[in-house]
Amino acid sequence: MLQTLVFGLITGSILAIAATGFALIRQTEGFLNIAHGQFLLVGAYLGVEFTSKLGLGIVLAGLVTFVCVGALAVLCARLVFDPVRERGALVLLFTSIGLAYVLYAGSILVFGVDILSFDVDFGNAIMLGSVAITPVEIGMIGVFVVAILGLMLFFNRTRLGTWVRATASNPDLARVRGVPVGVVSASVWFVAGGLGGVAGILLGLNSSVTSELGWNATMLILAATVLGGLGRIYGVMAAAMFLGLVMNLATEVIDPSYSTLVAFGALIIVLLIRPEGIFSIERRREIAA
Amino acid sequence: MTATATLDVEGVVKTFGGVTAVDGVTLSTAGSDITALIGPNGAGKTTLFNLVTGFDRPDSGTVSFNGRRLSNVPAWKAARLGLGRTFQTPVGFPSLCVWDNLMVAAAQPASETILGAVMGRTRWGRDLEACAQRAEEVLDQLGLSDLRDTHVADLSAGDAKLLEFARQLMRRPRMLLLDEPASGVDPSRLPQLAALIRSLVAQDIAILLIDHNLSFVLDIADHIYVMARGRVISEGTPDVVSNDPQVMEVYMGKAA
Amino acid sequence: MTGVILFFAGTLTLAGVYAALAQILNLSAGWGGLWDLGMAGTVGIAAYVYTVATVSPSEFPNLDVALGLPIPVGIALSAVVTGLVALLIGIPSLRLRGEYFLITTFAFAEVVRQLMINQSSLTGGTVGLNRLDRPFEDAVTGGNYRYVLLAITFAVVVALYFFMRRLGRSPFGALLRSQRDNEPLAKALGKDVVRYRVLTFALAGVLVGLVAPLYVWYLKRVVPDLFAADLTFTVWTALVIGGIGSFRGPAIGAVFLICLTEALQFLQVDAEHAVLLATMRPLLLGLVLILVLRLRPEGLFTERRAFQRRTSPRTAPLAPQRAALASSPAAMETSEGSGS
């Protein structure tokens, strides 16, 4: 039971890091970026590449991946999304589906279809009472804590972070007030992509890297984002943790193959009874606009 | 006094996230053909319209139309009871042409069924003929006849404004709520607009309107309510209201 | 040579299945403005209901339910069940618009797929159900069956085309497009918008139920993997290419897209390049989607042209110069499927 709780925390941490980037984009750019899952895929492949081929340490590989995938996200935003920005959320959404396919196909072309895994030795599991936890698992939760603290600092202590928050709460007003929209947009894509890349590495460390990693994550990211109230970043983090715990705890009572089903079941129930999300504090202003 | 429909609003309150947009408004259109609601921006006029027409629910208070309580009546049902409304920005149905905009407005639910569509014209032919006849009348009345095949997205602002009226006229409402009918209309065409609104009264359509253009309102309305910060601060005939010092202070003082 | 012709008959049949699905999506998403990302789910339900209803218990002893019903009854059952499922999803979720409906349907499709995998006593699990019977199979010899299937598919696509044309031009179709364009205004004109959305989604479900058996016949089997999000996205891409909201667009977009992606399969490559080839389909799909949305977001055929009035009753002499002056490309973009 306690062991399952730890697994839940780990799943939740990874999901939270992945979903935060997605929520950031939804909040500041105004659309659901379906290609976000593929940032995870690219990140996971790069991570394997950096550790096995270049022999980088896992932490360094993670940092380099953050920068690479972040840059890739900025590039995608400029090349793919900017030209159709004025055409509304639906066009942006379907463009992101197109981008997802391109990134997916591109990753397979570059990295192949073989199932890869991280060849990194972290030493043996540590026993904490009845719970066995490996250093890498502690590391994952650590990354989550660092990510949360980093984002909090970024939002509350830096000028750029304040601009991002202003843009997220009211893009038009922010523009009028002279917030440099281009800088905000680029930095949001960089952070979102970078977090996605790191989440991809964590997913790969937790199991293995397959070409479907991105698509599989996309569904869970969407689930966490809706549960957290579409783009409310701290709400989405809480929801991701909640989903991770529920999915793992559910395996205690039902067949493990149903655990993802539990996540989507929860999502659908929440959508039907409380569409503004269970972890959002304010009610959404107007849903049926 | 020609129009027979009446709207009664009593003690209506609406709060959005701690801000009271409408704070206990009571008004009635009884005894007047054209009632106007004026006040500065943020006075709660459009919110009141939304509450009356079922687009929003009041926190407390009642709205009744011809003696019938409208609490919990959704917007589409209020419209079917004969309470029409226009919108400030006359977007219309941009991907439909003018003619189809009118036909949609007037079509009866009985002809808007899937079965009816499958069976073809035989099922909805008669309703359609009546609508088409009405559409010809309305287009003629508003001078829009030569634009019937134009897409609404391509209309000029003034024509779009007229079409906003036209759609409502198709339904023969008992009362029409006009949200800023004069905004965006060329000043030289205001007398034409006033004449149009008066002609509606002659067709037994009572009018409740919001507008910023004070001279337009004073000219056309029989009875005026002045709102500020969610409350009615003054009411009466145009003469009474335009001489009320309180009104001068909050409304005209600001406008000057 | 016959191999080539057979291959094209097969490709065209698959294109026809997608053409039928794209036309249905055009009803709900194009005219209704319902952002449905759950087509894989409804198609999956329809395919499995049809299959379970028509296979005989003796051939599939592992299944809990195998009704062995005649094919027409199976199709009817699939239509009814799929329609009811769509109704059940639609009633609560169509109160909300846009993204929420999109996510609900997307999640629903994933739930359906997971259930297909897990409920193996009903669905055959990941292996699926194979070697299924098809109509008129005894009447023709081996390879020629492809032409029979192609003919049936073609007939279905044409029938749907005329059905949609009729629906689109009816007061029901006009109402659908109007509530998509401007929901508050439709309400102010006395239209019970939510009810019509639910009805439309349910109708789309029924139509999917009628069409899905074609897909089963084409494949001769049902496997959960066939009903992944990829199916939904392919249908959407076909619709976007062809032109959202037009009459001819969805079918032609589907034929174009499927011929493009399936033609790749015809290339003979060695094992070394097989991976490369396998990535071509998603790559093409993605590029086509991105490029069409950027360069011609209204698609090959436009809704505007489809609904252009040529003869209004008692048409007065038009004022073409006035209309032409006022038209702007920006106006077309806002009217293009973006909903609210």
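Mentor: Two residues are in contact if their C-beta atoms, placed from the backbone, lie within 7 Å. Keep in mind that this is a predicted model.

Trainee: Okay, how many residues does each chain bring to the contact between chain C and chain B?

Mentor: Chain C puts in 39 residues and chain B puts in 45 residues. On the chain C side, eight residues come from α7(C), the largest share.

Trainee: What makes some of that chain C side nonpolar, and how do the residues divide?

Mentor: Residues such as Leu, Ile and Trp count as nonpolar, while Asp, Glu, Lys and Arg count as charged. Sorted that way, the side of chain C that touches chain B has 20 nonpolar, nine polar and ten charged residues.

Trainee: Now C:W217, over in helix α9 of chain C. Why is C:W217 called buried?

Mentor: The cut-off is 20 or more other C-beta atoms within 10 Å. C:W217 has 23 such neighbours, so C:W217 counts as buried.

Trainee: Which residues does C:W217 touch, leaving out those up to four places away in sequence?

Mentor: Those are C:R134 and C:L149.

Trainee: Let's hop to chain A. How do you know that the length of helix α4 is close to what is expected?

Mentor: At 1.5 Å a residue, 33 Å is expected for the 23 residues of α4(A), and the helix reaches 32 Å from its first C-alpha to its last.

Trainee: And what makes α4(A) mostly covered?

Mentor: Of its 23 residues, 17 are buried. Just after α4(A) comes A:G112, with a positive phi of about 85 degrees.

Definitions and conventions. Residues numbered from 1 in each chain as written. Chains lettered and ligands numbered in written order. Predicted model: local features only at pLDDT ≥ 70, side-chain atom pairs only at ≥ 80, totals over all residues. Helix = DSSP H or I, 4+ residues; strand = E, 2+ residues; numbered from the N terminus. Buried ≥ 20, exposed ≤ 12 C-beta atoms within 10 Å, placed from the backbone. Expected span 1.5 Å × (residues − 1).
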